[in-house]
Every structure is written in structure tokens, then in C-alpha cells.
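Student: I'd like to go through this structure with you, one question at a time. Could we start once it is on the screen?

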Amino acid sequence: MLPDSWQAALGGELDKPYFQQLTDFVAAEREKHRVFPPEDQVFAALEATPFDQVKVLILGQDPYHGEGQGHGLCFSVRPGVRTPPSLRNIFKEMRDELGHPIPDNGYLMPWAEQGVLLLNAVLTVREGEANSHKGKGWEKFTDAVIRAVSGRPDPAVFVLWGNYAKKKLPLIDTERHIVIQGAHPSPLSAKLFLGSRPFSQINAAVETQGHQAIDWRIHDLAVAAG
């Protein structure tokens, strides 16, 4: 289930009673309801960004719950899926701050492949019901992910947008890692998020830690296809 690079850091979590209970719960949910993301994409964020390559951890809450949206990377949607409001605000800030054009898709895999771990605190959701899998055990597992990255010798940048994410601050060794906090990009707090210049802050921190800056551009699919 877990990608090889995360086995040493997290493999023990899968043997704990809570994780077996969580597995049973999700399996029962899939029998009765549509659950996102598909089973083979639940750990997509960990697959895309190996443990020893995490430069930045961006924490979301739970997967998008609409048809075809959630695919295992927080804030991201697959090519061809309409860009959700929070991600549209992220792209607006990227345009205004860095001058990058707003892309025609919301597929954030290029970020993940550069070492940006796009982690949701809850990894599954029932279709049409936000937070429907909250409190079932995923938080214990993803807290372990945060602690594992925090416990590495190599420093990382933790990005906590919104009050929910900020509650995870005690899990992070702030003496060794850099934490960037801000408003959530959702429409409810967009006025605070827009203009906060998070991408410049993240890249300055990444470079301070001796890593190569993230190229935040998402290329248009139409251009790539041409």
C-alpha cells in the first residue's frame, strides 16, 4: 500500500489497530457509496513525492468530493476537470505575485515532482459530502507523515494555510524547519490569501535550506499537446 520510500518512516502505522479500523471503515464506505479518490490513488501524494525528496509540505484538509475531482494530491485536479475555486485563487495569486499565466488545467503534479508534498489531512471522502471521513483515523496517519518529515535530518518548508492546517504546528520542529502560515485560499478567506505572496516566501525558505527553488508554473495542456 505504501510507496517504498515511505515504508521505513511510516510502515509501522499500518500495523496499528486504528489503521485496521480505518481500512475497514473505508472499505465499508466504498461498498455503500462512491468514495474519492479511487482506491489506487489514496496514497498518490506519497507516491509522487518520495520521503527523502520532500522540500515543501502543503497541507490541505480533505479531498475534493465532486465527480472526478479528488485524485490524491491536495488542491489538485486531473487534466480536463474544472479548476475548483480554492485552486483558482492559488493560480490568481501565482499570476499576480510571480507573473505566471493562469493555466488551462489544475493538475499540480509538476509541483509534486519537484518535492512539494501535497498532503491532505484526510485521504478519502464520500461523494458530495465534505469532511464525511473526518475523525475516522486518517488524521492519525497524516500526523505521522508530518512528524516523519519533521524528524528528518534534511530541513523542509511546511505551509499551513487556514486555521485547520495551523493546528498542526505542534507536530513540527520549528527550530529545524521553516513554517509559513497564512489564510486559506478558499473564497471565504480569499481577501486575506490574495496578496500574501506565499510563493516567494516558500522559495526564499527553500533556497535558505540549500535546495533548488520550486518552478511554480503549470503549463497549458493545449501548449503541451501542440
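**Rings and a labelled residue**

Tutor: Phe75 has 9% relative accessibility, so Phe75 counts as buried (under 20% relative accessible area is buried, over 50% exposed, in between partly exposed, with a 1.4 Å probe and protein chains only). Before we go on, this is a predicted model, where local features need pLDDT of at least 70, side-chain atom pairs count only at pLDDT 80 or more, and totals for chains, interfaces and linings use all residues. Residues are numbered from 1 along each chain as its sequence is written, and side-chain values use heavy atoms, leaving out hydrogens and water.

Student: Where does UniProt place the feature "active site"?

Tutor: That label comes from an unreviewed UniProt entry. UniProt positions are given in the numbering used here, feature names are shortened, and annotations may be inferred rather than shown by experiment. The entry puts it at Asp62.

Student: Is Asp62 buried or exposed?

Tutor: Asp62 sits in the loop between strand S2 (56-60) and helix H4 (85-98); helices (H or I, at least four residues) and strands (E, at least two) are DSSP runs, numbered from the N terminus. Its relative accessibility is 16%, so Asp62 counts as buried.

Student: Which backbone nitrogen does the side chain of Asp62 reach?

Tutor: Let's look at who is around first. Beyond its neighbours within four places in sequence, Asp62 is in contact (heavy atoms within 4.5 Å) with several residues, including Val122, Ser132 and Asn131. At 2.7 Å, the side chain of Asp62 reaches the backbone nitrogen of Asn131.

Student: How many aromatic pairs does a search of the whole structure find?

Tutor: Rings of Phe, Tyr and Trp (its six-membered ring) pair if their centres lie within 6.5 Å; planes under 30 degrees apart count as stacked, over 60 as edge-to-face and the rest as tilted. Searching the whole structure this way gives 12.

Student: Why is the pair of Phe43 and Phe141 called stacked, tilted or edge-to-face?

Tutor: The two ring centres are 5.5 Å apart. The planes of Phe43 and Phe141 meet at 55°, so the pair is tilted.

Student: How many residues apart in sequence are the parts that Phe43 and Phe141 tie together?

Tutor: Phe43 lies in the loop between strand S1 (35-36) and helix H3 (44-48), while Phe141 is in helix H6 (residues 138-151). Phe141 is buried at 0% relative accessibility, and Phe43 is buried at 6%. The parts they tie together are apart in sequence by 98 residues.

Definitions and conventions. A polar contact is a pair of N or O atoms within 3.5 Å; within protein, one must be able to donate a hydrogen and the other to accept it, and residues adjacent in sequence count only if both atoms are side-chain atoms.
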